[in-house]
Amino acid sequence: MYLDDFMQQHFPNLELYPSLFYKWGIGIRYELGQEKNDSLESYLYDAYKRAKTLFEFLHQPDDTILIVIDVSDKETGKPFERQLKNFAPYVDKHLLFKIQYQQLHSTDLEDDIDPFPVHRFTLRCQTAELQYAPMLKALCNQDFSIQPSLSHFVYFININKKTIFQVYDDRGCDVIARSPDALKEAYTTFNDWILDYDRLKIDNTFRRISV
């Protein structure tokens with residue numbers, strides 16, 4: 001499978017599982033949603049805008065990307081029927097036939113004493129072929145009773161730049177890279193959006209290449 005080969009070559013020993021920022025040595029954790037001192041609509045609008053801005057900065061239209069969606073049986077406890085509905089709103093119909101499928105177990109991704117099936121769907125396409133704005137919006141909405149909503153783990157892997165981008169929910173997103181050079185410009189341009197809790201670690205990573 002192309003995903004496995006790519007990960008072994010460029011992100012060895014890294015399992016795709018949150019939180020990517022803490023599992024890899026080169027990365028940035030950005031804050032999306034800010035203080036909820038305004039309306040929910042305004043709060044989510046800011047989260048959408050930041051997610052979209054960061055995604056477009058890190059992914060050019062002609063970049064080749066892998067979109068990985070992990071669907072877990074943990075919540076329902078029932079077998080998951082292999083469906084394409086998680087991709088269907090965001091890509092043209094002809095791309096659905098290119099989706100690759102793997103069944104994993106939670107113990108393959110983390111130490112888990114109660115293993116459960118994880119269904120991994122992977123699509124290789126170009127950024128321009130993905131309706132990424134509504135997909136990012138759906139990820140930001142996952143903790144609210146708002147549609148669209150997408151509550152699965154979703155990873156955007158940029159084959160050209162060797163980066164992995166994940167919006168974990170309305171609060172923030174992780175982006176990691178094979179080389180700090182791939183994120184240097186993003187670190188500088190969106191420095192004010194870096195999550196303060198992890199700023200020291202992030203600054204130490206990128207200051208070494210800024211001199």
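Q: How many salt bridges does the structure hold?
A: The model is a predicted one. A salt bridge here needs a side-chain nitrogen of Lys or Arg within 4 Å of a carboxyl oxygen of Asp or Glu. Asp63 with Lys161 is one such pair, at 2.6 Å. The number of salt bridges in the structure is 7.

Q: How many residues apart in sequence are the parts that Asp63 and Lys161 tie together?
A: The closest N and O atoms of Asp63 and Lys161 are 2.6 Å apart. Asp63 lies in the loop between H3 and strand S2 (64–72), while Lys161 lies in the loop between S5 and S6, so the salt bridge ties together parts whose separation in sequence is 98 residues.

Q: Is Asp63 buried or exposed?
A: The cut-off for buried is under 20% relative accessible area. Its salt-bridge partner Lys161 has 29% and is therefore partly exposed. Asp63 has 5% relative accessibility, so Asp63 counts as buried.

Q: Which residue forms a salt bridge with Arg171?
A: The closest N and O atoms of this pair are 2.6 Å apart. The partner has a relative accessibility of 5%, so this residue counts as buried. The partner of Arg171 is Asp169.

Q: In which helix do Asp203 and Arg207 both lie?
A: The side chains of Asp203 and Arg207 meet in a salt bridge at 3.6 Å, N to O. An α-helix has 3.6 residues a turn, so residues three or four places apart point the same way. Asp203 and Arg207 are 4 residues apart, about one turn, and both lie in helix H7 (residues 199–207).

Q: What span should the 19 residues of helix H3 have?
A: Helix H3 covers residues 40–58, and the expected rise is 1.5 Å a residue. The expected span takes one less than the number of residues. The end C-alpha atoms lie 27 Å apart, which agrees with the expected span of 27 Å.

Q: Within what arc do the buried residues of H3 fall?
A: The buried residues of H3 include Tyr43, Leu44, Ala47, Ala51, Leu54 and Phe55. On the other side of H3, Glu41, Tyr45 and Lys49 are exposed. Seen down the axis, the buried residues of H3 line one face of the helix, because they fall within an arc of 165°.

Q: Which helices do the buried residues of H3 pack against?
A: The elements packed against these residues include strands S1 (27–31), S5 (153–158), S6 (163–169) and S7 (172–177). The helices packed against them are H5 (132–140) and H6 (184–189).

Q: How many bridges join S2 to S4?
A: Strand S4 (residues 117–126) has 7 of its 10 residues buried. S4 pairs with strand S3 (residues 100–105) in the antiparallel sense over 6 bridges, with His105 opposite Pro117. S2 and S4 also run antiparallel, and Thr64 stands opposite Gln126 in S4. The number of bridges joining S2 to S4 is 9.

Q: What is the angle between the planes of Tyr101 and Phe121?
A: A search of the whole structure finds 12 aromatic pairs. Tyr101 and Phe121 form one of them, with 5.3 Å centre to centre and a tilted arrangement. Tyr101 lies in S3 and Phe121 in S4, so the pair ties together parts 20 residues apart in sequence. The angle between their planes is 50°.

Q: Which residues form one aromatic cluster?
A: Phe156 has a relative accessible area of 0% and is therefore buried. Phe165 has 1% relative accessibility, so Phe165 counts as buried. Their ring centres are 6.2 Å apart with planes at 55°, so the pair is tilted. The cluster is formed by Phe55, Tyr132, Phe156 and Phe165.

Note on methods:
Residues are numbered from 1 along each chain as its sequence is written. This is a predicted model: local features need pLDDT of at least 70, side-chain atom pairs count only at pLDDT 80 or more; totals for chains, interfaces and linings use all residues. Side-chain values use heavy atoms; hydrogens and water are left out. Helices (H or I, at least four residues) and strands (E, at least two) are DSSP runs, numbered from the N terminus. Buried means under 20% relative accessible area, exposed over 50%, partly exposed in between (1.4 Å probe, protein chains only). The arc is that of the directions from the helix axis to the C-beta atoms. Contact means heavy atoms within 4.5 Å. Two strands pair if DSSP finds at least two bridges between them. Rings of Phe, Tyr and Trp (its six-membered ring) pair if their centres lie within 6.5 Å; planes under 30 degrees apart count as stacked, over 60 as edge-to-face and the rest as tilted.
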